[in-house]
Amino acid sequence: MSVVTTDLDTAVADAAAHLYVWALKDIPQDLRDALRDAAGRETSVTGQRVLQTILRNVSVAEDEKNLVCQDTGIAVYYCKVGEHFPLHPARIYAALREGTERATVEHPLRSNTVHTLTRENTGPNVGFRVPIVHWDFVPDWDGLDVKCVPKGSGSENMSFLKMCVPADGVTGIKKFVLESIVGAGGKPCPPGIVGVGIGGSADYAMHLAKEAIARPVGTHNPDPLVAELEQDLYELLNETGVGPMGLGGDVTVLSVHVEHADTHMTLNPVAVNYQCWAARRASAHVAADGTVAFERDA
Amino acid sequence: MATHEVRFPVTDPAEILKLRAGDEVVVQGHIIGIRDRTQIRIFDQGIEPPMDLSGAFLLHTAPNVRKLGPGKYEKLCIGTTTSARMVRFTEGLGVQYGVRAICGKGGFPDEAIEPMQRLGMVYFAIVGGAAALETTQIEEIEEVAWEELMPECLWKFRVKDFGPLTVGIDAHGGSLYRDVQSRALEKLEEIYARL
């Protein structure tokens, strides 16, 4: 689908409003395939019961045009802004905020955002520093890519950080991921995508873990060493028997994605960010002339 | 593993005692939606809930709804939240209000096993995130109380073929979560030894 408009603020706001609702209703094909594969290999009775219910739910959401999951999450956007894109990031942020608010009011969607101390609702899924937007800037380009990842709290609550020491090595990284996912049990709605961020600093490791969960299932880190770690962790985690919804079974995770950054010689940070089976995401490309192209599977 | 159909609220404790961890259950009748703030109000602020909870099935939820008029809401999307945050209310719900079943996702930690056995209660595991399906099984929102806690109000839903649910913790001291967790921890020791 593509839409042409001349007003870039409106184009970005419209795109955000569309992406937020779309992501909540229509989960990407790579995830649908991964869930179907999981049902194909699960041998436990409870695990089959869960996976068959999940597959039924995905098709009911489609038939009824309803949300896959009631948790409309906290609105998170990843933006890649070309250096020649004609709208300044401050204006892009305002437009994303407006789009989030409009989608929440017009659909309507449940408003989840509260003041972190008073716990009072702050309005239609916007608030102080919400939505959360991550920025990347691209030289020699005039476009804007927006990916909306409305992530539920059940899985976000299962986020873990450990400042391993260099002597812990790769084994320390693996142990921490394993103990985190076993400890999380059924709470993050397994089987999902495990995002792991390694290196950088404490804050950046968690940022990378979050970025990792937004990658399509079936993609691998381009660095062969890191891709090998992804595969090792995937196999080990599926040996734990936690299973679908933590009720026991063969399929504990659909995929493990690792993102890395170089780090200080004395640091070895490991961050784990879990993404539930309803790993919702949707993307749009906004061209400099305001043309918007939506893509579900990016 | 057996399959059962149970109608709530229950009056006969045998309806709960027949259920064993791992069994599949489909629920009919009426269920009550409840969440963090609802239970904080009941137990921490000591305010009596304006709904009868005896023999009740409680669902950990905060639904997406559209207001139609005073006290009247249309369901939009109703799903289930993580239970573990609310485990400390289990005993009070059983002792003070006679609640018989608590349903949520992700399970209750082991501290719920003893009071559930003593009080004849069960924990039902629903499939988290499967809200589109769950919404079709809720026929109507019949009552709502404490609307100022929106969406964490007390909700009364009429349901049809609600499920499939899995008995996560039964009234005989059985818990799937404890069993899965202890096997997984043993497995981890074995994995660590070969890393």
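The following questions and answers concern a predicted model and treat the domains and a sheet of chain A, its contacts with chain B, and strand pairing in chain B.

Q: How many Å separate the centres of domain 1 and domain 2 of chain A?
A: Chain A is divided into two parts: domain 1 consists of 2-24 + 69-150 + 280-295, and domain 2 of 153-275. Taken over C-alpha atoms, the distance between the centres of domain 1 and domain 2 of chain A is 27 Å.

Q: What is the order of the strands in the open sheet of four strands in chain A?
A: Strand 5 (159-164) and strand 7 (253-261) of chain A each pair on one side only, and they are therefore the edge strands. The pairing within this open sheet is mixed, and the twist from one strand to the next averages 15°. The order in chain A is 5-8-6-7.

Q: Which residue is the bridge partner of M163(A) in strand 8 of chain A?
A: Strand 5 of chain A runs antiparallel to strand 8 (residues 268-275) of chain A, and six bridges join them. In strand 8 of chain A, M163(A) has as its bridge partner P269(A).

Q: At about what angle does helix 7 of chain A run to strand 6 of chain A?
A: Helix 6 (residues 169-184) of chain A lies across strands 5, 6, 7 and 8 of chain A, and its angle to strand 8 of chain A is about 30°. Helix 7 (residues 202-213) of chain A also lies across strand 5, strand 6, strand 7 and strand 8 of chain A. The angle of helix 7 to strand 6 of chain A is about 150°.

Q: Which helix supplies the largest share of the side of chain A that touches chain B?
A: In total, 45 residues of chain A are in contact with 41 residues of chain B. On the chain A side, helix 3 (45-64) and helix 6 each supply at least two residues. By class, this side has 20 nonpolar, 15 polar and ten charged residues. The largest share, eleven residues, comes from helix 3 of chain A.

Q: Which residue of strand 9 of chain B is the bridge partner of H30(B)?
A: Strand 2 (residues 24-34) of chain B pairs in the parallel sense with strand 1 (residues 3-8) of chain B over six bridges, and V6(B) stands opposite V27(B) there. Strand 2 also pairs in the parallel sense with strand 3 (residues 57-60) of chain B, over three bridges. With strand 9 (residues 154-169) of chain B, strand 2 pairs in the antiparallel sense over eight bridges. In strand 9 of chain B, the bridge partner of H30(B) is R158(B).

Note on methods
Residues are numbered from 1 along each chain as its sequence is written. Chains are lettered from A and ligands numbered from 1 in the order in which they are written. This is a predicted model: local features need pLDDT of at least 70, side-chain atom pairs count only at pLDDT 80 or more; totals for chains, interfaces and linings use all residues. Two strands pair if DSSP finds at least two bridges between them. Axes are lines fitted to C-alpha atoms, for helices over the stretch in contact, and angles run from 0 to 180 degrees between N-to-C directions. Two residues are in contact if their C-beta atoms, placed from the backbone, lie within 7 Å. Ala, Val, Leu, Ile, Met, Phe, Trp, Tyr, Cys and Pro count as nonpolar, Asp, Glu, Lys and Arg as charged, and the others, Gly among them, as polar. Domain bounds come from an automatic or database domain assignment.
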